[in-house]
Amino acid sequence: MSAPILVISTSLSSDSNSRKLAERAAKILGECDYVDLRDYPMPLCGSDTSFGDPNAKTIGAMIAAARCVLVAVPIYNYDVSAAAKNVIELTGKSWQNKIVGFMCAAGGKSSYMSVMAVANSLMLDFRCLVIPRFVYADGTSFDDFSITDAEVEKRLNGLLDDARKLTSALATVSL
Ligand SMILES: Cc1cc2nc3c(=O)[nH]c(=O)nc-3n(C[C@H](O)[C@H](O)[C@H](O)COP(=O)(O)O)c2cc1C
């Protein structure tokens, strides 16, 4: 049986800071499902076979089964990475009515609004309830293995508290 909260790590980098956020979130939550996109290679959305891709179907089913999806994203060119956007495009309607939270890893401090385009799209296309509290961390917040910045850890706990409360409060509410 699926847990109500699904954590997705979307970075394809072997040395990823957003994955450190995702792994820490999963550890704090304890009871959650966790998926690393590196384990599910997918074609680019729009190619002829992309919508029938088996890995996209698997991830789509995991998203559909969750109540809340927490997405860890790399920030590329003032947006979420192409891989993060691609999985959202390939899994489309699976996102219907989900509670969604974002954990972002960036190179610098100035790209903190980068998830807004994808957040808007999830709200408008799929009526997602986007938690209005993002985690945003630049490269100075990590060592080789984990989060080293107490403020980022605090913000992550704030996001997870909100995710837990909303998931439980809205368990029986159709958004
Ligand atoms: C193609 C590319 C574009 C990037 N664009 C931005 C950007 O717009 N803003 C920023 O702060 N960092 C940018 N970065 C830095 C990444 O956000 C940073 O390396 C981050 O750690 C990536 O997440 P990851 O470690 O989880 O893969 C970019 C990196 C790459 C490779």
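**A colleague's note on the ligand shell, a helix pair and two loop residues**

1. Let me start with a loop residue: with 13 C-beta neighbours inside 10 Å, Arg-127 counts as partly exposed. This is a predicted model, so please read each point here in that light. Arg-127 sits in the loop between helix 4 (116–126) and strand 6 (129–130). Its backbone deserves a look too, as Arg-127 has a positive phi of about 50 degrees although it is not a glycine.

2. Tyr-78 makes a good companion to that point. Tyr-78 lies in the loop between strand 3 and strand 4 (79–80), and its phi is positive, about 55 degrees, although Tyr-78 is not a glycine either. For context, most residues other than glycine have a negative phi. Is Tyr-78 buried or exposed? Neither label fits: Tyr-78 is partly exposed, because 13 other C-beta atoms lie within 10 Å, while being buried would take 20 or more and being exposed 12 or fewer.

3. On to the ligand. Which residues come nearest to the ligand? Of the 17 residues around the ligand, they are Ser-16, Ser-18, Pro-74, Ala-106 and Gly-107. Among the elements, helix 1 (17–29) and strand 3 (68–76) each supply at least two residues of the shell. By class, the shell around the ligand comprises 10 polar residues, 6 nonpolar and 1 charged.

4. Next, the pairing of helix 2 and helix 3. Helix 2 covers residues 54–65 and helix 3 residues 82–91; they pack with their axes 9 Å apart, at an angle of about 80 degrees. The two helices are therefore roughly perpendicular to each other, since that description applies to angles of 65 to 115 degrees.

5. The residues behind that packing are easy to pick out in the model. From helix 2, Ala-56, Ile-59, Gly-60 and Ile-63 meet Val-87, Leu-90 and Thr-91 of helix 3. Sorted by class, this contact has 5 nonpolar and 2 polar residues, with no charged residues.

6. Finally, a word on Thr-58, which you will find in helix 2. How many other C-beta atoms lie within 10 Å of Thr-58? There are 15, so Thr-58 is partly exposed. If you would like a distance to check in the viewer, take Thr-58 and Thr-91: they are 33 residues apart along the chain, and their C-alpha atoms are separated by 9.2 Å. Thr-91 is also one of the helix 3 residues in the contact with helix 2.

Definitions and conventions: Residues numbered from 1 in each chain as written. Predicted model: local features only at pLDDT ≥ 70, side-chain atom pairs only at ≥ 80, totals over all residues. Near = placed C-beta within 6 Å. Helix = DSSP H or I, 4+ residues; strand = E, 2+ residues; numbered from the N terminus. Nonpolar A, V, L, I, M, F, W, Y, C, P; charged D, E, K, R; others polar. Axes fitted to C-alpha atoms, helices over the stretch in contact; angles between N-to-C directions. Parallel < 35°, antiparallel > 145°, perpendicular 65-115°, else oblique. Contact = placed C-beta atoms within 7 Å.
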